[in-house]
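Thank you all for making the time this morning. I would like to walk you slowly through one structure, beginning with its interior and then moving out towards its surface.

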Amino acid sequence: MENRRRIPLLLVPLAAAGCVPQARLAVVPDLVSTEWSRPGPVAAPAEPSLASPAADLGVALGSGELAGLIARAREANTDVGVARARVRQARALFGAARGAMLPVINASAGLSGTRTERATGDPFDFSDAFGGVDISFDLDLFGAGRAERRAARHRLRAAEFDSEAALLVVQSDVARAFVQRATLAARIALLDRNIEQAVELERIIRTRFNAGDATRVDLGLQTIQVRQLQTERLRLDQALDRTRTALAVLTGAEAPRFQLTPAQLDTLVPPRLEIVQPSLLLTRRPDIRAAEARIDAAGGDVAQARAAFFPRIRLSASALGQAASLSGPLSSTFSIGADLLAPIFNRGRLRANLEFMAGRQVESVELYRQVLLTSLAEVEDALSAVERAQAREALLIAVVEEARLTARLARLQYMEGEADLQRVLDAEQRLTEAEDARAIALQERLEAAIDLFKAMGGTPSQSA
């Protein structure tokens, strides 16, 4: 009769664990798009391309100086350093989760003694020497430990992908600031030439005004134009200095000590990038892979929360050796047992924890969907920007050629007495404005290529 009363009591926690509530989880969305809305501006090269997001964008743009700045940013950028520190933290947590699966061993030893008053011999009388070992091990019958280890492993993967994504962003930011600095330097050089011509025209008009051949309005209008050009020059110079400080922060350098001569804009070459299909973004973009790893980690958290409803079985063994004195006989004992720990009165807390983890899993799926949609939109925008920037640059190259020809003809007409100086200077100004617009178009084309590089997850291939 006594055994019949105990068996149902042992089955109570198992029966209670069988009523584990179900958690409503989100399903990872499938990618439906199979191609981009417009073809790539350039065909994919036949030769294999670099597949790492950390591939050198500086080399792809044809600048060894930019490659050196990117290398410095890899080592000293604070965002990259923070991302690497988080990888280290996630690796430590994964190691702790793996260690929790191992048996726990505790060893103890002791020796007691009393002081004696004997004149010879040992001043202490030792007795009660003992030593013991305790070993305990949790049987992971319901997968709680495995789920914890799985969640920690995927969080480590997410941290590693986040580190790659941070490096990709920093590399793109360095390249963008470098291109902007080169463009501003080129525009300032063109503006200086325009200011020099405007000042010369102002001097001529002032001379003619003093001689009575020009009006005060003519002189005032030219003076206004000179001051406007000088004001624009100050604005561009301030923007140029901001690119220096931005590059200092990106490369982990102190801005007061950071100096960098602007590169020649015409030496930068827009890279040819491999245009991949939308489905390949899932494996090429580190931010997408990080979001996917977080979904897997959240799934491990949900599995661990569900396993908490089941009882825990712990095996334990202990051994103890004891002697009344150092020279006395040794007595030993050994025991082995098992503990059953079952949640009975805290099911409300466990149910709330399961619902919380399920909510985190739904959140991770939505974040994944957000990253995926943003990535597709970034590629679409970059493809459109590259195509249109290419077209704008081609048109402006034609404008520059026409303006250069017009300026040359105006100078010839002036030398032959068929045109006045004002017409020559106007033609020179139109040429400077066309060259400035062409420099901006080249900057936009380079920046569009940088954005496409980032949106595709890296992989420069060759120059075009």
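What you see here is a predicted model, and I would like to start with its largest nonpolar core, which has 50 residues, and in which Trp36, Leu57, Val174, Leu281, Leu452 and Met456 are the ones that touch the most other members. Several helices contribute to this core, with at least two residues each coming from α2, which spans 57-60, α3 at 64-76, α5 at 144-210, α6 at 216-250, α8 at 286-307, α9, and α10 at 421-455. Among the contributors, α5 gives the largest share, namely nine residues.

Let me stay for a moment with Leu452, one of those well-connected core members. If we set aside its neighbours within four places in sequence, Leu452 is in contact with Leu273, Ile275, Ala382, Leu383 and Val386.

Now to helix α5 again, where we find Asp192. Is this residue buried or exposed? The careful reply is that Asp192 counts as partly exposed, because its relative accessibility is 31%, which falls between the limits of 20% for buried and 50% for exposed. Asp192 also lies 8.6 Å from Gln230, taken C-alpha to C-alpha, although 38 residues separate the two in sequence.

Finally, the surface itself, where Leu405, Leu409, Leu412, Tyr414 and Met415 form a nonpolar patch that has about 480 Å² of accessible area together. Within that patch, Leu409 belongs to helix α9, residues 347-415, and with a relative accessible area of 39% Leu409 is partly exposed.

Note on methods. Residues are numbered from 1 along each chain as its sequence is written. This is a predicted model: local features need pLDDT of at least 70, side-chain atom pairs count only at pLDDT 80 or more; totals for chains, interfaces and linings use all residues. Side-chain values use heavy atoms; hydrogens and water are left out. Patches are made of residues with over 30% relative accessible area and no salt bridge: like charges are joined within 9 Å, nonpolar side chains (Val, Leu, Ile, Met, Phe, Trp, Tyr) within 5 Å. Accessible areas come from the Shrake-Rupley method with a 1.4 Å probe; for residues, only the protein chains shown count as cover. A salt bridge is a side-chain nitrogen of Lys or Arg within 4 Å of a carboxyl oxygen of Asp or Glu. Helices (H or I, at least four residues) and strands (E, at least two) are DSSP runs, numbered from the N terminus. Buried means under 20% relative accessible area, exposed over 50%, partly exposed in between (1.4 Å probe, protein chains only). A nonpolar core is a set of buried Ala, Val, Leu, Ile, Met, Phe, Trp, Tyr and Cys residues joined through side-chain atoms within 4.5 Å. Contact means heavy atoms within 4.5 Å.
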